[in-house]
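Please read the points below alongside the model, which is shown first.

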Amino acid sequence: MGFHMPTKVLYGRDVVLKNRELIQNFGERFLIVTGKSSKKNGSLEDVLDVLDGKYVAVYDETPENPPTAIVEEIAKMFTDADVVIGIGGGSPMDTAKAVAVLLENPELSAQDLYESNKYKKAKPIICVPTTAGTGSEVTQYSVLTFNGRKRGFSHECIFPRVAFVDYKYTLTASEELTLATALDALAHAVEGFISLRATPFSDVLAVESVKLIKEFLPKVLNDPENEFYRERLMFASTLAGMVIAQTGTTIAHALGYNLTTEKNVKHGLATAVFLPFELKVTNNEKSKFINELFENSLMGFYEQVGVKLPISFSDEEIESWAKVVLNASHLKVTPGEYTLESIKNAYEFVRSNFCI
Ligand SMILES: [Fe+2]
């Protein structure tokens, strides 16, 4: 067993502003990849402040669940960048990672990103998370939408060089975004804990992360401007990211991807609704341990924080999604047996318990 997470993590309030020199020393020409919210939460302003005097280009149109076509487009627009900074939730950070690969390897197409032996290096990547959830700032993964489906790629070269983690950027997050992103972190911690690739190192981080989310997610939802509560959730999210950097994610992520791409459900929410089902199928010491952390009622916790899915789906949709999930690589690291029938049962479980 081992532990590998080469990203330098700088953590705390105003951590970007306090490390001006470190960021400046990365290069001369910076490309910032972000969405619209980084203007509102102060993260873009901080990064632009510390890059004063450098050449800086900003791409601020990253959509949720970015398609690979956008990655190619950005890489073609900013060919001369020598450092890529991703600011935001998972979508901008994952886009930044993919763009960094294409900038270093201009002969590649976005499709080639999924063939990890086709490239070795990426431009240096810096990440500034502005949600407490994705953990992408400390992972070697990038999840994009490829041919209409969410599909991740993994490569050592896309581990960010530095993650600047400052909870203050989450203070303005809406209730809906706070819930969905925290549920993503919860899914990372729980899936990582039960994953067949879990190690005693990742387990320590996973358990701490689950405990923090259980305690502080309800508190943040009741008191969203409380800095201490926000900081605890941010910490939990970073820990959970370190977990999946070791373990990968399991079947709940594969199941959830269909609800995101086909029904527009936020990634964390779409994933977490499958955790009770996954824990039931897992049915071992580890799943029992997680259930006990929630007083044997993860469903009760979900009710407390208001987990609901305002969608509906048909038996035909379940059938087609289940076929996709059956072939997902996530199954290789998921404990328990899954068949087409039991995967369909997972969707039926979610439909009858969470859909309104
Ligand atoms: Fe996730």
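**Notes on cores, sheet and domains**

1. In this predicted model, the largest nonpolar core (a set of buried Ala, Val, Leu, Ile, Met, Phe, Trp, Tyr and Cys residues joined through side-chain atoms within 4.5 Å, where buried means under 20% relative accessible area with a 1.4 Å probe and protein chains only) holds 75 residues, and Leu186, Leu259, Tyr302, Leu309 and Tyr347 touch the most other members. Helix α6 (residues 175-194) contributes the largest share of this core, 11 residues; helices (H or I, at least four residues) and strands (E, at least two) are DSSP runs numbered from the N terminus. Because domain 1 (8-169) and domain 2 (174-354) both give residues to this core, it lies between them.

2. Another core, of 32 residues, lies apart from the largest one, and includes Ile70, Leu108, Phe153 and Ile158.

3. Leaving aside residues up to four places away in sequence, Leu309 touches Leu259, Val265, Leu269, Val273, Val350, Phe354, Cys355 and Ile356, where contact means heavy atoms within 4.5 Å.

4. As for the conventions, residues are numbered from 1 along each chain as its sequence is written, and side-chain values use heavy atoms, with hydrogens and water left out. Since the model is predicted, local features need pLDDT of at least 70 and side-chain atom pairs count only at pLDDT 80 or more, whereas totals for chains, interfaces and linings use all residues.

5. The open sheet has 6 strands in the order β1-β8-β5-β4-β2-β3, with parallel pairing; two strands pair if DSSP finds at least two bridges between them. β1 (8-11) and β3 (55-59) stand at the edges with a single partner strand each, so one side of each has no neighbour in the sheet. On average, neighbouring strands of this sheet are turned by 20 degrees against each other, direction ignored, with axes taken as lines fitted to C-alpha atoms, for helices over the stretch in contact, and angles running from 0 to 180 degrees between N-to-C directions.

6. Between β1 and strand β8 (residues 162-165) the parallel pairing extends over 4 bridges, and Leu10 has Phe164 in β8 as its bridge partner. Helix α3 (residues 43-50) packs on the sheet, touching β2 (29-34), β3, β4 (83-88) and β5 (125-129), and its direction makes about 155 degrees with that of β4.

7. The division into domain 1 (8-169) and domain 2 (174-354) rests on bounds from an automatic or database domain assignment. Their centres, taken over C-alpha atoms, are separated by 25 Å, and the contact takes 25 residues from domain 1 and 27 residues from domain 2.

Technical notes
Buried < 20%, exposed > 50% of the residue type's maximum accessible area, 1.4 Å probe, protein only.
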